[in-house]
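Student: I would like to go through some terms and ask why each one applies. Where should we begin?
Tutor: Look at the picture, then ask.

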Amino acid sequence: MKPPSLLRKSKRFLRRISDVVPPTWRGGLLAAISGAALWLYGFGHLDLVLYILGISGLLMLVLCSLLTAGTALWLHRRLPKHGGAKNHRIEAGSPIPTGWGVPSLFWLPLVTLHWEWITPEDIEVRTRLIGGVLREEIVAQRRGHASQVKRRLVVEDPFGLTRVAWVRVDPSEVTILPSKGRLKDMPVIQSKTSAEGTPWPTGAPEGDRMEIRRYMPGDSVRNILWKTYARTRQLNVRLPELSIERSKKTIAYLLAAPGDEAAAAAARVALEAGVLGEQWIFGADGYVGTAESLAPALEAIARSGSVEHGESRSGLGAFLREVGNQGEVHCIVFTPPTAGAWTEDVLQAARDYPGALSFVVGTDGVWRGQKTPWWRRFLFAQEKPAGIRLDLLGALLRLLGSAGRQSFVIDRMSGRSFNQAQQQALGASG
Amino acid sequence: MNPNQRNPSPALPGVVSFLRALVLAVAATILCWPLTVTSGVLLAILGAMAGAMAGDMASRTSLRVSGVLSICSILVILGTWTARLMVKSTFIASALGPVVALWMSEAALWFVLIAPTVFLLRFLSARKPVMAIFEVLAVGTALAISLAAHREGMVHRPLTIGDWAWTRGLDPVMLLLVLGAGITLLLASLLVSEDRRRRLPLHFGVLAALALALLLMVRVSGLPQPNPSGLGLTGDPEENKDGSEDPSEGGGGSSSDKKSDEMEDLEFKNEYNSGGQQAPVAVVLLHDDYSPPAGVYYFRQTAFSQYNGRRLVQTTRDDVDRDVVSRFPAKPIRIPEAPEVSDQRMNLKTSMGLLVDHVRPFALDSPAALRPIQNPDPMRFQRAFEALSRVQTIPYEKMIGQLPGNSDWNDEEWDYYTDAPADPRYGELAARLMDLLREEYRDDPLAQALAIKAFLDERGIYSLKSKHADATDPTASFLFGDLTGYCVHFAHAATYMMRSRGIPARVAAGYAIAESARGGGSTVMIRGADAHAWPEIYLENVGWVVIDPAPQQTLDEPSGPPDQRLQSMLGEMMRQKMSDEIDFGDEQAINWSRLWFFALMALGAVLAMGYGVKFYRALVPYFGRPLQRYRVAYRATLDRLAEVGLKRHFGESRESFAQRAGRRAPSFVELTQQHLRWALGSMERGQAGRISNLMVSVESEIRRSTPAWRRVLGFLNPFSWLMAR
């Protein structure tokens, strides 16, 4: 972890100071303008309007400062030291009431209260007024894990002139799982966990064999037995004999890197839907050890969200060395959609692994990069569109392909999976 | 990124956005009203509204600030060019007619000036919270500029406001203060960022109370006062008060300690600050018509007669300058050594209303008596008093032949008033000037003084900037140097030369106002810029006579004539509320009749409010919404029960109370049940009528079970509803 720079330290120091000094920048500016108006025009030129305006501005600032500071002090003392340890297991994207609340201060003029979560990060806090108490409801933006909740409570006036803030720490275990989006099951993964024969998504885990069966939506018309149809008016399809059998052991690993939420979601769905088979071992960056059951595996997914992305080393190599030598096991690696510092390590580990290994790339939508007209670039801030650019995804897939391993793309936004052929059709892989 | 999260689309402007737009439109209207024609004003309003609302919407998009700035600049340039083209092009003017072309040009000009500016302001304010201050600043500036005419004490301006108020008997000052308070609330509305709109009335209620308190405070503490003049005439008299001295003593008996404290007042300065003080500092009502022989009203506040080796300062002696009053009168005081009424001087009463604190009173020369009068308006006037002056009526030419000084003076006093610097040049110059006089006037003190004045009039150059302050003898530096200085230099130079001729002389300070400034009325408005110092000589049987040099050359802009409207308005304000029939001992007595009036008014207002709430709560069940009727009918019944002394105790449930009250009004039991049923949602809509019937039943049951006197008392109690629980 890099030590904080001088600039960051100064910012943090200034923020700490501004948290306890009620006037904000806006308040300071108002005071300066009001003072100047009062002094130069109110007294200097006997401007009665600016005289009243100047005094009012200063009085407002003083009154708001007193009310804000007083309320903050009162609340700071009134709230219990620790709000009771509560464990929260939540899913990103869904609003969850935490049960935490503070007096609403609805009756108190010129004072408003709100707060935010500092730890874990990327939590949107909403409040609801219930029985004179502001009740907290949170919406996590991404997965993560924290052993304490740090809240920054802010008491300010409705004009933005004064603000007092303080941080409150409550020991709570918060586990945030990634949102599954539209992912439900993952036939592609299921197919990759089968041991032999032609993979078929609808096959039972214990294996299946079929030659002729009733037509089902999605079957190719080429397989329909038209002669039988002419005779019996029943649509039957002929299929090759299938032998579908799951491998007895699968290992899976989640790589933590920027933009890995979709990959984490895919890993979560794979674990919860049981597509990894009966026996599996799961590992993730940021999680010490391996998980062989669902609960610790989900915790591993959540914890991987708290990994510092600056680290270039991936734990995949160590994971494979530890659990990959237990015979012929299939390894599935969930990767983010863009190449990064992790790529070299992971490719080397994939090359060194003797067994079957597939990459599952999780995306949140794919878009084709198009050149934006100059006037649009000039007028509008270029918002990063959701998802990943097709060429970047293609570059990653080519890179992963260079290790001689198969890659599959799973899109969380649409819930669709893309195999090699579909990727080629999209132009994502070469 | 969370897949469930969606980019917020630009929301349509809401109520707050519309109100903000309205505020900006008001500011734009006020700003452009005096600058353009109707079409310009209308399009400016439209532009402000459109700009504000579009700015609000645009702030929620991904528009860049640089892009917005560029577009707004281009729009302003293009629009201004188009607007100019409309009036410059003969084709457009001939096709549409010059009037229409002008209207269109003004409309286009103001639209393209206001709309992009407001758009930019709103856009930046919505994007960056700190930028909202600049929006406030812009609106505040626009509004303040539109009312700026009242600055420097010109409280009757802008005339649209001043005349409107004055013709309705309102005080324009109060109106301006109220406008200031209103603008405060308006500007606060631009800053507000409260999400919960239901709390906005609470916040603004507190702000309104704050503004009201501020107005009351101003009423009590008074209005801001102009900066003190360079001569030190104005200031807080309390600061100069010597604690050991009895303030009721009035003039004459001032201690030497106090006088030495004030010696610094008339200092020579390289740059004299007249303060550009057009602001009125006092109003004087003349009780009789009087034209001063010099054509100038001299209001003397103090005199500098003691030579301290460098300049003249206020005396430290008790036996001289006894006509100078050092304290405001707390009771009628007679000024010693005032000249007698004769064919040279007459009595003239004047009423003084001081708009600004002064260190001591002043009066037309020569004052004979002072007495306090009731302050006609404590918010405006700091102090009011009446002066009886023995004003000079004898023309200057008729004073020729009068002897200098007073025959009653002893040698010490003579020496005192003729003490001058040892520098022989004063005497030599004065002697040379006397040579210019005709033989028969060479020994006449008045003629000699006038000769000195004539020399300074002709050769002196009036300038507020001079370079004599650092000289050992600033007066010599002035008189024998460039002869450039201001009144203090001229007064000292003249006094020294007069004294060198053996004429008792001193420098007086106060205010000098040309008679023409009176405008024929009886009011003389004194402004800060009228502060003046002048020389005086003492003539036997006449007293102190002003000999004021008036240099013909000046390097500074003369201050303009006083505003006649303001002068007469202030005079009216002073005259309206002033009463001659006052008891001098009652200046600070409480006005009980007024106090009673206000107390009764307040009581009436409170009672009216109580009855208003009471009757509203009693009647609202008959016209309230059906869905609310169960609640308001139940409340009205509780009020009625409370009126006759039946109220729910703390901790008592509604049902228990219903049982208890049911002994006197049995229908109340069912009404309570119905109310609870409705409140818990198990009642159908059509049963609202049943509630009303029950309410009427309870009413008649109460009437039957309660004595008439109890009911009357309950009815008369305006706050019986406060007891209902």
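Student: What makes D47(A) and R151(B) a salt bridge?
Tutor: A salt bridge needs a side-chain nitrogen of Lys or Arg within 4 Å of a carboxyl oxygen of Asp or Glu. The closest N and O atoms of D47(A) and R151(B) are 2.5 Å apart, so the pair meets the definition. Before going on: this is a predicted model, in which local features need pLDDT of at least 70 and side-chain atom pairs count only at pLDDT 80 or more, while totals for chains, interfaces and linings use all residues. Residues are numbered from 1 along each chain as its sequence is written, chains are lettered from A and ligands numbered from 1 in the order written, and side-chain values use heavy atoms, without hydrogens and water.

Student: How do you know that the pair D47(A) and R151(B) joins two chains?
Tutor: D47(A) is in the loop between α2 and α3 of chain A, and R151(B) is in the loop between α6 and α7 of chain B, so two chains are joined. Helices (H or I, at least four residues) and strands (E, at least two) are DSSP runs, numbered from the N terminus. Between chain B and chain A the count is one salt bridge.

Student: Why is D47(A) called buried?
Tutor: Buried means under 20% relative accessible area, exposed over 50%, and partly exposed in between (1.4 Å probe, protein chains only). D47(A) has 0%, so "buried" is the right word. L46(A), in the loop between α2 (25–43) and α3 (48–78) of chain A, is also buried, because its value is 7%.

Student: What is the phi of L46(A)?
Tutor: Phi of L46(A) is about 55°, a positive value, although L46(A) is not a glycine. Most residues other than glycine have a negative phi. E152(B), in the loop between α6 and α7 of chain B, also has a positive phi, near 55°.

Student: How many residues does each chain bring to the contact?
Tutor: Chain B brings 59 residues and chain A brings 52 residues, where contact means heavy atoms within 4.5 Å. The two chains bury about 4,800 Å² between them, 69% of it on carbon and sulfur atoms. Buried area is the accessible area (1.4 Å probe) lost when two parts are put together, summed over both.

Student: How many residue pairs are in polar contact between chain B and chain A?
Tutor: The count is 16 residue pairs, both residues at pLDDT 80 or more. A polar contact is a pair of N or O atoms within 3.5 Å; within protein, one must be able to donate a hydrogen and the other to accept it, and residues adjacent in sequence count only if both atoms are side-chain atoms. On the side of chain B that touches chain A, α8(B) gives the most, with 10 residues.

Student: What makes the salt bridge of R565(B) and D163(B) a tie between distant parts of the sequence?
Tutor: R565(B) is in helix α16 (residues 564–577) of chain B and D163(B) in helix α7 of chain B, so parts 402 residues apart in sequence are tied together. Their side chains meet at 3.0 Å, N to O. R565(B) is partly exposed because its accessibility is 44%, and D163(B) is partly exposed because its value is 30%.

Student: Are E156(A) and R163(A) buried or partly exposed?
Tutor: E156(A), at 16%, is buried, whereas R163(A), at 32%, is partly exposed. They form a salt bridge, with the closest N and O atoms 3.4 Å apart.

Student: Why does C72(B) have no disulfide?
Tutor: A disulfide is a pair of cysteine sulfur atoms within 2.5 Å. The closest cysteine sulfur to that of C72(B) is in C32(B), 18 Å away, so a bond is ruled out. C72(B) is buried because its accessibility is 6%. Over all chains the count is zero disulfides.

Student: Which peptide bond is cis at P158(B)?
Tutor: The bond joining R157(B) and P158(B) is cis, with omega about -10°. The bond from D365(B) to S366(B) is cis too, with omega near -5°. Most peptide bonds are trans.
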